[in-house]
Amino acid sequence: MASTLRLAGGLLAAASVAAGSWLPEIVAKDVVVIGGGASGAYAAIRLKEDFKKSIVLVEKADHLGGHVSTYDDPKTGKPFDFGVQTFNDYGPARAFFERMGVPVDAAPRVALTSQYADFNSGAAVSFTPPANEDRVAALGRFLNATAAYEHYFLPGYWNFPAPNQIPKDLLLPFGEFVEKYQLHAAVNQVFQITGMGTGDMMKSLTLYVLGAFGQPMIRAFLGQGATFTPTSGRNIALYEAVQTRLGKDVLLNTVSADGKNTIIVARKLLMAIEPTPANMEPFNLDFVEQSTFAKFKSSSVHAGIVSHPALPVGVSVVNTPAAASPANYVELPKPNFNVRFDYMGGDLFRVLLVGDDKFDKAKAQDLVRQNFAKLVQAGTLQPASANPAQELQFRAWADHGAMHMNVPAAELKSGFIQKLYALQGRRETWWTGGAFSVQFQAILWAFDDILLPKLLA
Ligand SMILES: Cc1cc2nc3c(=O)[nH]c(=O)nc-3n(C[C@H](O)[C@H](O)[C@H](O)COP(=O)(O)OP(=O)(O)OC[C@H]3O[C@@H](n4cnc5c(N)ncnc54)[C@H](O)[C@@H]3O)c2cc1C
């Protein structure tokens, strides 16, 4: 996207799209949606089909889907999802799949043997995960301690309390919250499933850990809620269906510098991307927008698929600090880290990395190589005798960029959420996505359901 000029009462946007003549095409629409991930793709369908608005969905990648990454293994033709794993049966989720003609089944449970090792040293760690009944009891306490606050942030912060009325528990660093409610036996699961995205999870505010592993997830792991995936085993199938359905109303590859320019004139702008300085650069933010977004910190997340004969089939090699031995559940890897080498099938292993805002693809892949080399040197992984020098292969990679945008407790107590939400509708611009809600697909769709009538009012 080259640049965007936002005008009062209307919007003029310029998106460069690959190929074609040098003459800019002019497109006039009711709403332009920027970002074709979970929140943008869902909003585009609803605006077009339910609210009968003319729209254009602008996506910088060559496909819709954002954090959904499906790898179709060329060797076997089998699909492997290495980004989004499952969808919560929450709000409009099931109906959305049905509407898009994508059949779903209960999410498969994959049982892997876990092997624990400190990825900094490569040494095996003797670690005993909590007994199942202790884990379930701790999750139950987690749910009891937070259920009353659910409506403050799910599916968005619409009902968030006034700055001086925010429950103290939500502002506690998660480590203190764990101590207060004796949740130690749940920490491992919270971190391994989705909590790792917050980075240094035990220091993250409880509010933000709930944004990464909230009540719908707790219920799913207590057997009180469900998760599902497409029957085809390809999560991207949902977004392929959205793309087909929206047809020419989707502009892809919009960051191409030398493509054709499309001028979009629209009454309203719906931003469905993380409001990082880099993402916001083309959108000529005003002082209020800039100074609000400047408060955010975020993690950077990467996921990939690697292969090497030394990686053990059927096993998840879990990054576990030596200090976690034998059963110290609050000792977790600190950013930047690779969470695990997880067996996926065939000769493929998933890696999942979280780091600070400078943790780019090159750094993330270097860390994976270093972790792997240490594990081999320490004898935790046995190199295949036929070719011990064989390098780790990167088979697929997704740079998920900035996620889990957060501010310190002091900012929340100064009314940050209220200032953030005051941006809704300013300059004919509306905001959806993880920074305005939480980091789950289905919850973002429910968030859009609340947002869209406001946008159109
Ligand atoms: C590895 C991983 C696993 C996850 N697993 C799950 C899971 O199992 N279940 C679940 O519910 N959630 C999961 N999540 C979280 C979930 O995917 C996110 O919460 C959700 O995708 C956020 O949606 P969004 O619309 O805010 O952003 P995104 O889905 O990231 O979409 C943003 C889109 O905007 C595009 N974009 C960015 N900048 C521009 C620009 N300037 N112009 C045009 N387009 C732009 C991006 O390319 C992207 O397609 C996972 C996330 C990751 C990273």
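How far is an oxygen atom of the ligand from a polar backbone atom of Gly-66? In this predicted model, the separation is 3.5 Å.

**View 1. Polar atoms of the protein lie beside oxygen atoms of the ligand.** A polar backbone atom of Gly-66 is placed 3.5 Å from a ligand oxygen. For Ala-38, a polar backbone atom is found 3.3 Å from an oxygen atom of the ligand. Glu-59 contributes an N or O atom of its side chain, at 2.6 Å from a ligand oxygen.

**View 2. The protein covers 91% of the accessible area of the ligand.** On its own, the ligand has 1,000 Å² of such area. Two or more residues of the surrounding shell come from each of helix H1 (38-50), strand E16 (348-355), strand E17 (393-406) and helix H16. The shell consists of 30 residues, and the closest are Ser-39, Glu-59, Gln-85, Thr-86 and Gln-439.

**View 3. The largest nonpolar core contains 123 residues.** Within this core, Phe-153, Leu-270 and Trp-445 touch the most other members. Helix H16 (residues 441-456) supplies the largest share, nine residues. At least three residues come from each of domain 1 (3-68 + 238-296 + 409-456) and domain 2 (108-225 + 298-403).

**View 4. Leu-270 is in contact with residues beyond four places in sequence.** Among them are Val-31, Val-32, Val-33 and Ile-34, together with Ala-43 and Leu-47. Further contacts of Leu-270 include Trp-430, Trp-431 and Thr-432, as well as Leu-451, Leu-452 and Leu-455.

**View 5. A second core is separate from the largest one.** This second core has 21 residues, including Val-351, Phe-372, Leu-375 and Trp-397.

Key:
Residues are numbered from 1 along each chain as its sequence is written. This is a predicted model: local features need pLDDT of at least 70, side-chain atom pairs count only at pLDDT 80 or more; totals for chains, interfaces and linings use all residues. Side-chain values use heavy atoms; hydrogens and water are left out. A nonpolar core is a set of buried Ala, Val, Leu, Ile, Met, Phe, Trp, Tyr and Cys residues joined through side-chain atoms within 4.5 Å. Buried means under 20% relative accessible area, exposed over 50%, partly exposed in between (1.4 Å probe, protein chains only). Helices (H or I, at least four residues) and strands (E, at least two) are DSSP runs, numbered from the N terminus. Domain bounds come from an automatic or database domain assignment. Contact means heavy atoms within 4.5 Å. A residue is near a molecule or strand if one of its heavy atoms lies within 4 Å of it. A polar contact is a pair of N or O atoms within 3.5 Å; within protein, one must be able to donate a hydrogen and the other to accept it, and residues adjacent in sequence count only if both atoms are side-chain atoms. Accessible areas come from the Shrake-Rupley method with a 1.4 Å probe; for residues, only the protein chains shown count as cover.
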